[in-house]
Amino acid sequence: MTRALKKRLKATALWLTTFVLMIVMCVPGLWVVLSAFRPNREILAKPPVWVPQDLTLRNFTKIFGIGEETVAIPVLSYFWNSLVIATTSTVIALIIGMAGGYAFARFRFRFKNAWFLGLMLFRTVPGIALSLPVFMLWSRLGIIDTQMGLIIVYVSLNVPFTVWLIDGFFRQIPMSLSEAAQVDGCTRWQAFWKIEFPLAKSGIAAAGVFAFLTSWNEFALASQLTRSTDSKTLPVGLMDFTSQFTIDWAGMCAMAVIIIVPALILTFLVQKHLIAGLTFGGVKG
Amino acid sequence: MTRFFRTRQAALTPLLLLSPAILTMLFVVAIPLVFSFYTSLTPYRLTRPETIETFIGFRNYVRLWEDAAFWAAFWRTILFLVIALNVEFLLGLGIALLINKITWGQRTLRTIMMFPMMFSPILVGFQFKFIFNDNIGIVNNALQSMGIIDFAIPWLVDARLAMFSIIFAEVWMSTSVFAILLLAGLFAMPRDPLEAAKVDGCNAWQTFRHITLPFIMPFAFIAMTIRSLDVARAYDIVQVMTDGGPAGRTELLWTLIARVGYENARMGQANAMAYVSTILSIAFTYFFFTKLVAARRYMGGAE
């Protein structure tokens with residue numbers, strides 16, 4: 001009896017510790033979200049106002065220019081740029097990554113590990129270091145401050161990791177399945193689309209979400225390769241709220257919420273597959 | 001004849017499939033890197049475009065060698081990475097072990113844990129700039145309201161505290177990568193060796209040290225490799241939190257590159273620095289990747 005009780009107590013303590021830890025982890029994010037619904041004067045109040053007195057949507061209507069004569073910061077076009085750039089680069093990276101990942105998962109060829117490592121090492125070039133030559137070359141090509149300029153860069157940013165993930169997903173599918181289909185008269189191409197692709201589909205979607213988020217969140221390259229509303233993305237736009245002496249905290253918090261909400265929803269949808277892909281199918285979660 | 005054709009085709013197919021990936025990396029990364037290397041051998045300034053044609057050999061690199069600000073940023077970056085990666089690994093391991101023990105609500109906890117991973121680094125920087133603000137930040141406000149301090153702690157103004165705040169933000173953002181992957185390792189672990197150890201009379205520490213830890217090390221190396229692929233995203237955090245200040249005391253290699261290249265328009269010099277930072281990143285990734293391959297081989301092909 002006492003032993004059971006002790007065990008139970010121990011489990012509760014463990015759970016509480018973890019729970020508190022998680023709360024601590026979430027507080028910074030939640031505080032920003034809460035502040036997005038508070039007016040600036042309450043955020044700046046001294047002594048601090050702990051319990052929100054008036055929650056408002058005004059920060060959001062303001063940055064989207066609803067009920068305003070002039071829009072100070074064109075968040076809507078930043079949002080559109082982000083969406084177009086992230087989606088396009090994701091689709092292209094997925095197509096390239098699927099071909100590459102399939103090659104690594106299903107074929108033996110010379111210098112296979114070296115190719116894989118080489119691909120990864122290209123990914124590791126720091127964004128800001130890469131931005132210098134890309135900035136110079138893109139200016140010469142005249143694609144500075146265009147959506148296309150950024151899309152090209154983001155495709156190359158996403159390809160290595162997409163290959164890594166998709167390689168992992170294809171390896172989880174037994175080779176015998178597609179071989180059986182080929183014995184039954186399918187070509188390899190048909191076997192791929194009818195057997196292997198449907199099985200790897202959710203994994204590929206997870207890789208797509210990961211690529212989308214990488215582009216959606218990128219700052220170092222975007223901040224140098226974009227100038228105007230033609231191509232500025234949301235993370236770069238966030239810096240518009242800071243001028244030399246003042247910071248519009250409430251506006252920035254609202255903008256932060258706009259950036260984070262799509263990311264959280266997408267992550268939530270594919271989290272299981274994402275972990276599985278990263279660990280080469282080591283998990284059965 | 002057909003057989004010959006078949007084998008030829010079999011050897012070509014993977015390369016054909018890989019070629020779009022290779023071409024992309026060639027055009028967007030390799031060629032710019034070559035161009036970058038050439039530029040680092042010139043005194044190129046953005047304000048004087050003709051200077052790109054002057055060849056000065058390795059003078060930019062020699063200048064780097066003697067540049068105190070560069071070395072300060074270089075060692076600060078190394079220190080930053082060593083501290084951040086170690087803390088992230090240890091914290092991540094702790095969290096993974098805790099969550100592994102929990103039976104109720106495990107899924108929810110795992111989901112919550114993934115959230116920081118999906119924050120844009122620039123958002124993480126902003127978030128902690130907001131939270132550590134000396135005047136209106138929640139940290140100072142809470143400490144003052146509870147009566148622990150009666151003055152404002154200058155979190156982002158004092159050099160040491162600013163570095164601490166930056167590392168805190170970095171750890172907050174990246175610990176979950178380790179936690180998630182180590183947890184995946186714990187889930188994948190077979191039960192038998194653990195039971196055998198129990199029967200043989202191992203205590204909890206011995207079991208952990210000699211069975212659990214070796215088993216999850218490949219997962220730790222996966223996490224390390226993924227992290228080292230984009231360690232440079234700390235640039236975003238520093239950029240928004242302190243912009244390298246106060247007085248250059250939180251300047252990392254990456255912020256220094258941006259300052260020299262874009263603000264001072266000294267592209268030649270900045271490219272030389274960029275090369276050093278690229279080699280540093282490649283060394284990190286290569287190191288962890290070989291560790292990963294070795295650990296996987298040791299595990300007997302857990303791939």
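In what order do the elements of chain A run from the N terminus on? They run α-α-α-α-α-α-α-α-α-α-α-α, with twelve helices and zero strands (DSSP runs, H or I of at least four residues for helices and E of at least two for strands, numbered from the N terminus). This is a predicted model, in which local features need pLDDT of at least 70, side-chain atom pairs count only at pLDDT 80 or more, and totals for chains, interfaces and linings use all residues. Residues are numbered from 1 along each chain as its sequence is written, while chains are lettered from A and ligands numbered from 1 in the order in which they are written.

**View 1. Here are the two domains of chain A.** An automatic or database assignment gives domain 1 (2–63) and domain 2 (75–278). Their centres, taken over C-alpha atoms, are separated by 32 Å.

**View 2. Here domain 1 of chain A meets domain 2 of chain A.** Twelve residues of domain 1 are in contact (C-beta atoms, placed from the backbone, within 7 Å) with ten residues of domain 2. On the domain 1 side, α1 (2–35), α2 (40–44) and α3 (58–63) of chain A each supply at least two residues. Helix α3(A) gives the most, with four residues.

**View 3. Here chain B touches chain A.** Look for 77 residues of chain B in contact with 71 residues of chain A. Helix α1 (residues 2–39) of chain B provides the largest share of chain B's side, 17 residues.

Note on methods: Contact = placed C-beta atoms within 7 Å.
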